[in-house]
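Hi everyone, thanks for coming. I'd like to walk you through one model today, so let me put it up on the screen.

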Amino acid sequence: KPVPSEELLDQVTETMQAKAPVAVVGDDSKLSVRGPHYIEASVTATVTTMGTHSITETQELATATLTDFLHPLTGGPDGTGWEIGRCPSPALFVSRLEQLADISTVTSVAVTFDDGDEHVTLAGAEDAPAVAADTLVYSGRHTVTVDVGRDN
């Protein structure tokens with residue numbers, strides 16, 4: 001969870017006070033600048049590997065991929081971070097895992113979103129949860145089960 005430094009918060013506050021209309025910042029400047037509200041996303045997935053791929057290595061690769069994919073600033077489908085105010089749907093995790101050479105299929109996926117006060121678990125084709133406009137997703141703990149498929 002990247003946290004903005006006090007210096008950055010002060011710089012943004014000063015810029016807003018100097019450039020924003022008085023209707024936004026007010027005469028007595030009660031403007032408050034802070035970092036985002038974070039929501040943790042933890043993925044539970046079952047994947048299938050074919051051939052001679054190591055179960056342990058596949059599990060570690062999938063877990064690391066999910067962790068990197070959920071990084072707030074460098075994750076996401078394009079590697080440019082997650083949009084503030086939006087959470088990813090479970091289908092995005094299926095797509096990301098299926099891009100890995102070791103994984104032939106993702107047989108199940110569930111994502112638990114936890115903001116400390118409440119949590120919701122979504123699976124399959126369910127839509128991402130609606131979150132507040134200042135919310136940013138970050139990586140939680142992931143559980144990946146690997147099944148070995150048989151080549152036909």
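Let's begin on helix α1, which spans residues 6-19 and is where you find Asp10. Before we go on, please keep in mind that this is a predicted model. Is Asp10 buried, exposed or partly exposed? Its relative accessibility is 42%, so Asp10 counts as partly exposed. Asp10 also belongs to a negative surface patch, together with Glu6, Glu7 and Glu14.

Stay with α1 for a moment, because there is another residue to look at there. Val12 lies in this helix too. With a relative accessible area of 34%, Val12 is partly exposed. Which residues join Val12 in a nonpolar surface patch? They are Leu8, Met16 and Val24, and the patch made by the four covers about 300 Å². The biggest contributor to the nonpolar patch is α1, which supplies three residues. So if you are colouring by residue type, α1 is a helix to watch: a negative patch includes its Asp10, and α1 gives the most to the nonpolar one.

Now let's go inside. The largest nonpolar core has 26 residues. Which of them touch the most other members? Those are Val43, Val47, Leu70, Phe93, Leu97, Ile103 and Phe113. Several elements give two or more residues to this core: the helices α3 (55-69) and α4 (90-98), and the strands β1 (37-49), β2 (105-114), β4 (135-139) and β5 (143-148). Of these, β1 gives the most, with six residues.

A few pairs of positions help to show how the chain folds back on itself in space. Take Leu92, in helix α4. At 30% relative accessibility, Leu92 counts as partly exposed. Leu92 and Val43 are 49 residues apart in sequence, and their C-alpha atoms are 11 Å apart in space. Val43, you'll recall, is one of the core residues that touch the most other members.

Next is Gly149, in the segment after β5. Is Gly149 buried or exposed? The answer is buried, because its relative accessibility is 18% and the cut-off for buried is under 20%. From Gly149 to Ile103 there are 46 residues in sequence, and 10.0 Å in space from C-alpha to C-alpha. Ile103 is another of the core residues with the most contacts to other members.

The last pair of this kind starts in helix α3, with Thr56. Thr56 has a relative accessibility of 46%, so it counts as partly exposed. Along the chain Thr56 and Thr145 are 89 residues apart, while their C-alpha atoms are separated by 9.6 Å.

Let me finish with charge pairing. Side chains of opposite charge can pair when their charged atoms come close. How many salt bridges does the structure hold? There is one. It joins the side chains of Asp134 and Arg34, with an N to O distance of 2.3 Å. The two partners come from distant parts of the chain, 100 residues apart: Asp134 sits in the loop between β3 (119-123) and β4, and Arg34 in the loop between α2 (22-25) and β1. Asp134 counts as partly exposed, at 25% relative accessibility, whereas Arg34, at 51%, counts as exposed.

That's my tour; I'm happy to rotate the view if anyone would like another look.

Terms used:
Residues numbered from 1 in each chain as written. Predicted model: local features only at pLDDT ≥ 70, side-chain atom pairs only at ≥ 80, totals over all residues. Heavy atoms only, no water. Patch = residues over 30% accessible without salt bridge, like charges linked within 9 Å, V, L, I, M, F, W, Y side chains within 5 Å. Areas by Shrake-Rupley, 256 points an atom, 1.4 Å probe, with all protein chains shown as cover. Lys, Arg positive; Asp, Glu negative; His and termini not counted. Charge placed at Lys NZ, Arg CZ, Asp CG, Glu CD. Helix = DSSP H or I, 4+ residues; strand = E, 2+ residues; numbered from the N terminus. Buried < 20%, exposed > 50% of the residue type's maximum accessible area, 1.4 Å probe, protein only. Core = buried A, V, L, I, M, F, W, Y, C linked by side-chain atoms within 4.5 Å.
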